[in-house]
Amino acid sequence: MSSGAQTSPILASVLMVSAMAIIGVIDNVVILLADTVGLWQFHLSRSTLMLPLIIGLSLLGFGRLRPVRPGPVMLRSVLITLAMLFYFTSLALMPIAQALAGLFTSPIFVLLISTLAMGQRIGSWRILAVLLGFAGILCVLQPNPQDFDARTLLPVAGGLFYALSAIITRSHCAGESTVALLAAMVITLGLTGLIGVGVLTLFPMISPPGPDGFVTRGWVWQMQDAVPWIIVQAVGSTIAVFMLIKAYQVGEPSYVAVFEYSVMIFGPLFAWVAFGQSIGLMQIGGIGLIATAGALLGWRAGRAPAEQAAA
């Protein structure tokens, strides 16, 4: 957003919180899908439904579909696809509070990568934010060194790839249409799903029943029970992402980003109401620490341009 653009903080916050409420609800249905279909079929089907909706956004004047720089856009799409594969896999295998906590390590990874790999300076407030966020992640994930489960790292891997995609977006995709970025991501997810289904069709694997077989399950023809939930995911994701994009267009990014953490309230809350997923006091405290870390990072990001201008 240019410095001269008119902003609307109230509208931006309402849009972002609404988007996170939708995502917090629809991401819970993955556990229902995981009982009958596989990860790859899910992404192929969802992308097939989302693409016409995105084309409709372009036709309505919300942005062009063709990217200006196909190379960086493709790299960004691959990184986000990897992030979503890890995240949605974790949704099928663990409570949504743990999956979201792992995914929201991305701001911490952005800061660490920017500092260690790109040589950017990091101040004491951002160091504090990283420590708070890391402590919060440990509280939510509650890893047990004596009984280590590699599945705990799945959403954290998603957070790492999401952070890498964010860095590419900022450094090489600033001039791209948001619709083009969204379309490229959906196409990449769909192609990945198609490849996964094809591989598992040619080389079928023994797939455990229920969510444990989500990743290794090939194409399932009897998917009538899953179709309504895939439609909910496709339509809900398109609406939520559109609202998220609009929130960043009408509000200051450092201000709007803080409201993304509201998904860590909506997701676990809906999981508790609908599926009886409970979280302990330590996990609630961990969610609070992660949200505080995100607020600190957003606050420092907002203050940095002003401090540079005053210098």
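**I230 and helix 10**

I started at I230, which is buried at a relative accessible area of 2%. I should jot down that I am working from a predicted model. I230 sits in helix 10. Then I looked for a partner far off in sequence and took H43: it is 187 residues from I230 along the chain, yet the two C-alpha atoms are separated by 9.0 Å.

Next I checked I231, which also has its place in helix 10. Buried or exposed, or something in between, for I231? I231 comes out at 41% relative accessibility, so I put it down as partly exposed, since that class runs between 20% and 50%. My note for this stretch of helix 10: I230 is buried at 2%, while I231 is partly exposed at 41%.

**The nonpolar patch**

I231 led me to the surface. Which residues form the nonpolar patch there? I listed L49, L53, V227, I231, V235 and I239. Together they have about 430 Å² of accessible area. I then asked which elements give two or more residues to the patch. Those are helix 3, spanning 39-59, and helix 10, spanning 227-250. Helix 10 gives the largest share, with four residues.

**Overall layout**

I stepped back to count elements. The protein has 13 helices and zero strands. Reading along the sequence, I wrote the pattern down as α-α-α-α-α-α-α-α-α-α-α-α-α. I also looked up burial for the whole chain: of its 311 residues, 46% count as buried.

**G213, in a loop**

I wanted a residue from a loop and picked G213. It lies between helix 9, residues 178-202, and helix 10. How much relative accessible area does G213 have? The value is 0%, so G213 is buried, the cut-off being under 20%. For a contact across the sequence I took A34, which is 179 residues from G213 along the chain. Their C-alpha atoms are separated by 7.7 Å.

**L154, at the start of helix 8**

L154 belongs to helix 8, which covers residues 154-172. I have L154 at a relative accessible area of 18%, which is under 20% and therefore buried. I paired L154 with L93, 61 residues apart in sequence. C-alpha to C-alpha, L154 and L93 are 9.6 Å apart in space.

**M74, in helix 4**

M74 is placed in helix 4, residues 70-93. Buried or exposed, I wondered about M74? It counts as exposed, because its 56% relative accessibility is over the 50% cut-off. I also looked at M74 against T188, which is 114 residues away along the chain. The C-alpha atoms of M74 and T188 are separated by 8.2 Å.

**The cavity**

Last, I went after empty space inside. Rolling a probe the size of a water molecule over the atoms shows where empty space is left. How many cavities of 30 Å³ or more does the structure hold? I got one. About 40 Å³ of space lies in the largest cavity. Its lining is made up of D27, N28, I31, L91, M94, I96 and Q277. Sorted by class, I have four nonpolar, two polar and one charged residues in that lining. The charged one is D27, and the polar ones are N28 and Q277. That leaves I31, L91, M94 and I96 as the nonpolar part of the lining.

Methods: Residues numbered from 1 in each chain as written. Predicted model: local features only at pLDDT ≥ 70, side-chain atom pairs only at ≥ 80, totals over all residues. Heavy atoms only, no water. Patch = residues over 30% accessible without salt bridge, like charges linked within 9 Å, V, L, I, M, F, W, Y side chains within 5 Å. Areas by Shrake-Rupley, 256 points an atom, 1.4 Å probe, with all protein chains shown as cover. Salt bridge = Lys/Arg side-chain N within 4 Å of Asp/Glu carboxyl O. Buried < 20%, exposed > 50% of the residue type's maximum accessible area, 1.4 Å probe, protein only. 1 Å grid on protein atoms, 1.4 Å probe; cavity = no way out; pocket = protein on both sides within 12 Å on 5 of 7 lines; lining within 4 Å. Points joined across faces, edges and corners; volume = space filled by probe spheres on them.
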